[in-house]
Amino acid sequence: MTVILFILGLPAVAAILLPLAPSHKVGAKTNIGVCMATFCVSLALFFVDRPTDLLFFIDDFNIYLVVLTTFVGLTTSFFSAGYIAHEIEHKHLDVRNLRFYHAMFQAFMFTMLLGLVANNLGFLWVAVEGATLATALMISLSRTQASIKAAWKYFILCGVGIALALFGTILVYLAAQPVMGAGLHAMAWSELMRWGPQFDPVLLDLAFVFLLIGYGTKAGLAPLHAWLPDAHGEGPTPVSAVLSGLLLNVALYALLRFKMLLVANGKTLAPGPLMIGMGLMSLVLASVMLYRRRDIKRMFAYSSIEHIGLVTFAFGLGGAMANFAGLLHMMLHSLTKSAIFFIVGHVAHVKGTQNLADLRGLTVSHPPLGWTLVLAMVAIAGLPPLGLFTSEFLMVTTTVSQAPLLAAPLVLGLLVGFGALALRLQGLAFGTPRGLVHTGGGGSLVPIYAHLALVLVAGVYLPAPLVRWFEAVSRLLG
Amino acid sequence: MSTLHYDIAHVLDGSVLLLGFLLLYQRRMFGLINIFAFQALGLALAAAWQAHVHGESHLYATALIALSVKAGIIPYALRRLIIHFGIHRTIDTALGIGPSLVAGATLVALSVMLVLPVTADSAALTREKLALALSTVLIGLLMMITRRNAITQVIGFMALENGLILAAVGVQGMPLVVEMGIAFEVMVAFIIFGIFFFHIRDRFESLDLQYLESHRGERR
């Protein structure tokens, strides 16, 4: 239990103290330090007994997401320090507005981790709601008209989503209360799973519809994704990285917990087809939308919708193999997509624009950055030998064997998305260089290499303990 | 529980829904804010009554928050905002008043038909409270969709939230109701402060969300 208190306490205390930092440089360093400490403490979770009480718990499922979250938080804090320093140097950001940026970053990390380790429906909800607040403030950081509009749209759409998720949560409690009696334990996952088979299935059905719409909005599933491209496109790049890499995962995690509850009950509507439908819709819609993008960050935002759709589809399909593929894809997409946003941040700095038409021939003008971008885009397009190929291959083969009819839209979506990325990669990496060429700038590429190395390793060789662990979680998911 | 207790609870819950309809009907900004304050008052009374009847003393805190923040501070802040920024005093609708009322009535019918069969095993009061609460939620949502101005959207959001708190209060023994209420208030406070600090009026020329629509495409 102490470990959990540390994991939650470090970012919480940092969020309160960081506004007092004398300068943004001290703030950035503290931010890195706290993220590093949180990551180290989260590793300790592997070595201590799994704590469970009515408020917090750790099981096979959330432990790997906690470690992933603290890791991406750490690398993003490194990237963010360089990014913010560059933005201030070039007068894109006002130092006065920065006072709360690092505090909000830590507050966001706190809410993500709280959502993951919460053994309580209410805590989970409050955490996702708090994450909305923290990210909305970060998205509007540059105070341009476009960024404020994006933050407002994000606020309103996700606010409604959050509200509907609360209604779903109340309905779940209403289903639990006659069986388990009133009190805090009737909102605890560990207890709910035990009593689940006795709940009223019709109430759970109704609750799941609200939860799917509510948390689905936060996960960016079509047709509820309208906020996502704006928020990614207009927010500072480190925020785009954590939105895609962490927030979407946590929203999906919430949804999966409720799915597990429905599966445990056994008499409800199958939650799978609903998730398959939304997943496929997101995949196909986002793949098509990839073609007409003019802004590089928006393009990768649509790619995030595509991949979250894929993961939702895999979990909707269910069964050991599909769940395995879903978990692997969720993890590797987080790593790859946040790495891509780091690269895009560097690219936007050296070229001074995020307009796709002005970004051409990067391997010629900036070889290290350009080739890293090529590698990352090859990864996100799902080509071997990188990890996303493994998970997408597993998904397709499982779909062909379990539900052959669904394989057609799945493969179609994957191919259309692949085509769009290949088309863009051509111009981005190999055309004739165009536009401004700043020299220097950039900053460290180490966080990007760390992410991509993990993705590459996962594609070539998955260590046996990791496989066993994924299999255990797959069974848990049903 | 005696019939009188039951009836009073019904009247209070019903008043919250009725005031939701009045929100749809209102054409003037200040009138809208007043009605919202009354709705929050209705919610506070409903929560306090529930606290009194069931002896759930933490619900008094919910009632107090609704009374002080939603019936007091927020309406005051919104009035200041309208005067300060010189926002239009009349409401621009995407869907006329008549059709919105018809749509609202349909939503109430829908939620009654949805909730009552589903909750056949729950206590009678809980079921009816839940149907009323879901109606209020859906009417708040309708208001957010059919009213074009940012202030009316915020009021729609808060009406929706009133419905949610009503539902949470109505389910017996629900833990964390107070905490969730506070989380919502913080969110609403940030939205309103957002309008203040970001001078959304200055930047968008108007709080009319049609201007947001123009941003659907890409940055050029």
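**Interface and salt bridges of chains A and B**

In the predicted model, 47 residues of chain A are in contact with 46 residues of chain B. The size of an interface is often given as the accessible area lost when the parts come together. For chain A and chain B this buried area is about 4500 Å², and carbon and sulfur atoms give 76% of that area. On the side of chain A, Lys149(A), Trp152(A) and Phe167(A) supply 16% of the area that the chain buries against chain B; no other three residues supply more.

Polar pairing across the interface was examined next. Between chain A and chain B the rule finds zero salt bridges. It also finds zero residue pairs in polar contact across this interface, where both residues must have pLDDT 80 or more. Four helices of chain A each give two or more residues to the side that touches chain B: helix 6 (121-139), helix 7 (145-180), helix 9 (201-219) and helix 10 (227-234). Of these elements, helix 7 of chain A gives the most, with 19 residues. Sorted by class, the side of chain A that touches chain B has 26 nonpolar, 10 polar and 11 charged residues. Charged residues are therefore present on this side of chain A, although the rule finds zero salt bridges across the interface.

Side chains of opposite charge can pair when their charged atoms come close. Over all chains, the structure holds nine salt bridges. One of them joins Arg50(A) and Asp60(A), whose closest N and O atoms are 3.1 Å apart. Arg50(A) lies in the loop between helix 2 (24-43) and helix 3 (60-89) of chain A, while Asp60(A) lies in helix 3 of chain A, so this pair ties together parts that are 10 residues apart in sequence. Both partners are partly exposed: the relative accessible area is 41% for Arg50(A) and 23% for Asp60(A).

A second salt bridge in chain A is formed by the side chains of Arg298(A) and Glu234(A), at 3.0 Å from N to O. This pair links distant parts of the chain, with Arg298(A) in helix 13 (residues 296-317) and Glu234(A) in helix 10, 64 residues apart. Both Arg298(A) and Glu234(A) are buried. These two residues also belong to a network of salt bridges that links them with Lys153(A) and Asp230(A).

In chain B, the side chains of Glu185(B) and Lys70(B) meet in a salt bridge, with an N to O distance of 3.5 Å. Glu185(B) is in helix 7 (residues 177-198) of chain B and Lys70(B) is in helix 3 (residues 58-85) of chain B, so the salt bridge ties together parts that are 115 residues apart in sequence. Glu185(B) and Lys70(B) are both buried.

Cysteine residues were considered last. The structure holds zero disulfides over all chains. For Cys40(A), the closest cysteine sulfur is that of Cys35(A), and the two sulfur atoms are 11 Å apart, which is too far for a bond, because a disulfide requires cysteine sulfur atoms within 2.5 Å. Cys40(A) is partly exposed, with a relative accessible area of 44%. Cys158(A), in contrast, counts as buried, at 0% relative accessibility.

Technical notes:
Residues are numbered from 1 along each chain as its sequence is written. Chains are lettered from A and ligands numbered from 1 in the order in which they are written. This is a predicted model: local features need pLDDT of at least 70, side-chain atom pairs count only at pLDDT 80 or more; totals for chains, interfaces and linings use all residues. Side-chain values use heavy atoms; hydrogens and water are left out. Contact means heavy atoms within 4.5 Å. Buried area is the accessible area (1.4 Å probe) that two parts lose on being put together, summed over both. A salt bridge is a side-chain nitrogen of Lys or Arg within 4 Å of a carboxyl oxygen of Asp or Glu. A polar contact is a pair of N or O atoms within 3.5 Å; within protein, one must be able to donate a hydrogen and the other to accept it, and residues adjacent in sequence count only if both atoms are side-chain atoms. Buried means under 20% relative accessible area, exposed over 50%, partly exposed in between (1.4 Å probe, protein chains only).
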